[in-house]
Amino acid sequence: MATEAGFDPRPPAAPTGRPVPELDPALVERWRSDGAELVDLLALVRQRLGGVAAFRLGPRPTVLVTDPPAVRHVLALHPDRYVKRSHRARLLIGDGVLAATGEAWKSQRRLLQSQFTGTGMRRYERRIAEAARVTAERWAAYARTGQPFDVGLEMRRFALDTIWRSLTGHPLDDGTERELGAVAAVVAAMPTLPADTAGARDAVAADLARIDAVAHHAIAAARGGEAGPDGPGLLHLLTGAAAEHPEYTDRLIRDELITLLVAGHETTATTLTWLYLLLDQHPAAREEALAAGAPGSADRRRAVQALVHETLRLYPSAWILPRHAVEADELAGHAVEAGFDVVVCPYLTHRDPELWPDPERFDPRRFTSPDGRPTHPGAYLPFGIGPRACLGLRFALRESTVLLEHLLPAHVPVFRSVPAKAAYSITVRPDGPTPATLG
């Protein structure tokens, strides 16, 4: 039997079950010639063949999984059979917890996990609230002056401030914010980078150097015992870990720091940007959330969280989750051979009309009505499920809710233009600027 740490030398077991239905190669070639997005091919596979189906971009088939029981089988029940091989953002995040595998991943996740439990989250409450307050003050100034601003950039600024305070104990200063703009530049460039690692690295070398300089300065400050106004942050935990865990070299600490930066602000900023674009199209959803209860009440908070959850349904933080079958398995009655690539696609699961009636409609009441959403654990997974689900789920939901509780009652952005489409990269993001004024 193969494991994530390596391969057993014995011959692999033969898979059982019927063959996975495979999309006609002529349709794949038509997709190639049209220059369409990968998501379009995946949608075609699901539409033609169902929730467990295959397509071929190379010599071996890739299995697309969108059916909830099969999603749960792959991600939650048998993660030892379906493993991560390499993260798409490895160029940026190195061997951080998102990209790590095997025993290294288990050790790194164990160290970080306690920081994101209900108890662990308490240490970040003040930092999240302070970042939200600063953003609210900035928006109040925009409202007074009529100054135009970009909603997406504002959401990125808030999320970056929040994670930087949580990592270092310091508020985000202008210089650090400017240099960490290189993170967004690398993420945006990834779909068009050369296939070979050296070529890709050369293409974004200047941005990576800026990111490394910020990381090394922050690590040196943490090693020197420097704590911010809110006390030590997650980075101090990582530098302290080196005393008992020699694998926590400066390089691994750098990789973990950048991983937390990327995961801790890119996804939240994108979700909040989508939310404001959706509210622009559905203004009644904002009014319903505010009418659900008094400011600070549990009812208001649940209604605001429903806005976030419905946005994540339409634009999940992890829109695609690649895995690799390291041993033969039977998946939903189909034979999956060792060596097959497997793709779980929350984006398509969340838009399945058999699970979500009228799935393209933005309706936060799905998450406040008793029967508004499917109950199967594989039907809603914006952060994944199973042992490799996103560590920062609680953190992301909390910071999004706190910011919206500050901004929604006071401000309604009036967009001067909106992006015409989505860009599918590490996240699903609006493909263009989002200029607005405050009405």
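**View 1. Helix H9 (residues 174–189) meets H13, their axes coming within 11 Å and crossing at roughly 80°.** That angle makes H9 roughly perpendicular to H13 (angles under 35 degrees count as roughly parallel, over 145 as roughly antiparallel, 65 to 115 as roughly perpendicular, and the rest as oblique). On the H9 side, Leu180, Val183, Ala184 and Val187 do the touching, and they meet Leu261, Val262, His265 and Glu266 of H13 (contact means heavy atoms within 4.5 Å). Sorted by class, this contact of H9 with H13 has 6 nonpolar, 1 polar and 1 charged residues (Ala, Val, Leu, Ile, Met, Phe, Trp, Tyr, Cys and Pro count as nonpolar, Asp, Glu, Lys and Arg as charged, and the others, Gly among them, as polar). Keep in mind that this is a predicted model, where local features need pLDDT of at least 70 and side-chain atom pairs count only at pLDDT 80 or more, while totals for chains, interfaces and linings use all residues. Residues are numbered from 1 along each chain as its sequence is written, and side-chain values use heavy atoms, with hydrogens and water left out. Axes here are lines fitted to C-alpha atoms, for helices over the stretch in contact, and angles run from 0 to 180 degrees between N-to-C directions.

**View 2. Here H13 (residues 250–281) packs with helix H14 (residues 283–291) at an angle of about 105°, the axes lying 4 Å apart.** So H13 is roughly perpendicular to H14. Leu279, Asp280 and Gln281 of H13 are in contact with Pro283, Ala285 and Arg286 of H14. That contact splits into 3 nonpolar, 1 polar and 2 charged residues.

**View 3. Helices H7 (residues 125–145) and H8 (residues 151–168) pack at about 150°, with 8 Å between their axes.** In other words, H7 is roughly antiparallel to H8. The crossing of H7 past H8 is right-handed (the near helix is turned clockwise from the far one by less than a right angle; anticlockwise would be left-handed). H7 brings Arg127, Ile128, Glu130, Ala131, Ala132, Val134, Thr135, Arg138, Trp139 and Tyr142 to the contact, and H8 brings Glu154, Met155, Arg157, Phe158, Asp161, Thr162, Arg165 and Ser166. The mix between H7 and H8 is 8 nonpolar, 3 polar and 7 charged residues.

**View 4. Three strands make an open antiparallel sheet in the order S5-S13-S10.** Strand S5 (149–150) and strand S10 (413–415) sit at the edges with a single partner strand each, so one side of each has no neighbour in the sheet. S10 runs antiparallel to strand S13 (residues 435–438), and 3 bridges join them (strands pair if DSSP finds at least two bridges between them). One pair to look for is Val414, which stands opposite Thr437 in S13. H7 turns up again in this view: it packs on the sheet, touching S5, S10 and S13, and its direction makes about 80° with that of S13.

**View 5. Five strands build an open sheet with mixed pairing, in the order S2-S3-S9-S6-S4.** The edges are strand S2 (52–56) and strand S4 (82–83), each with a single partner strand, so one side of each is left without a neighbour in the sheet. Helix H2 (residues 38–49) packs on this sheet and touches S2, S3 and S9, with its direction at about 130° to that of S2.

**View 6. Zooming in on S9 (residues 341–344), we find it parallel to strand S3 (residues 61–65), with 4 bridges between them.** Val63 has Val342 as its bridge partner in S9, and Val65 stands opposite Val344. With strand S6 (residues 321–325), S9 pairs in the antiparallel sense, over 4 bridges. Pro322 stands opposite Val343 in S9.

**View 7. Zooming back out, the protein chain comes to 17 helices and 13 strands** (DSSP runs numbered from the N terminus: H or I of at least four residues for helices, E of at least two for strands). Its radius of gyration is 22 Å, close to the 22 Å that the globule rule gives for 439 residues, so the chain is as compact as a globular protein of that length (the radius is taken over C-alpha atoms, and the rule is 2.2 Å times the number of residues to the power 0.38). Along the principal axes, the C-alpha atoms fill a box of roughly 65 × 55 × 40 Å.
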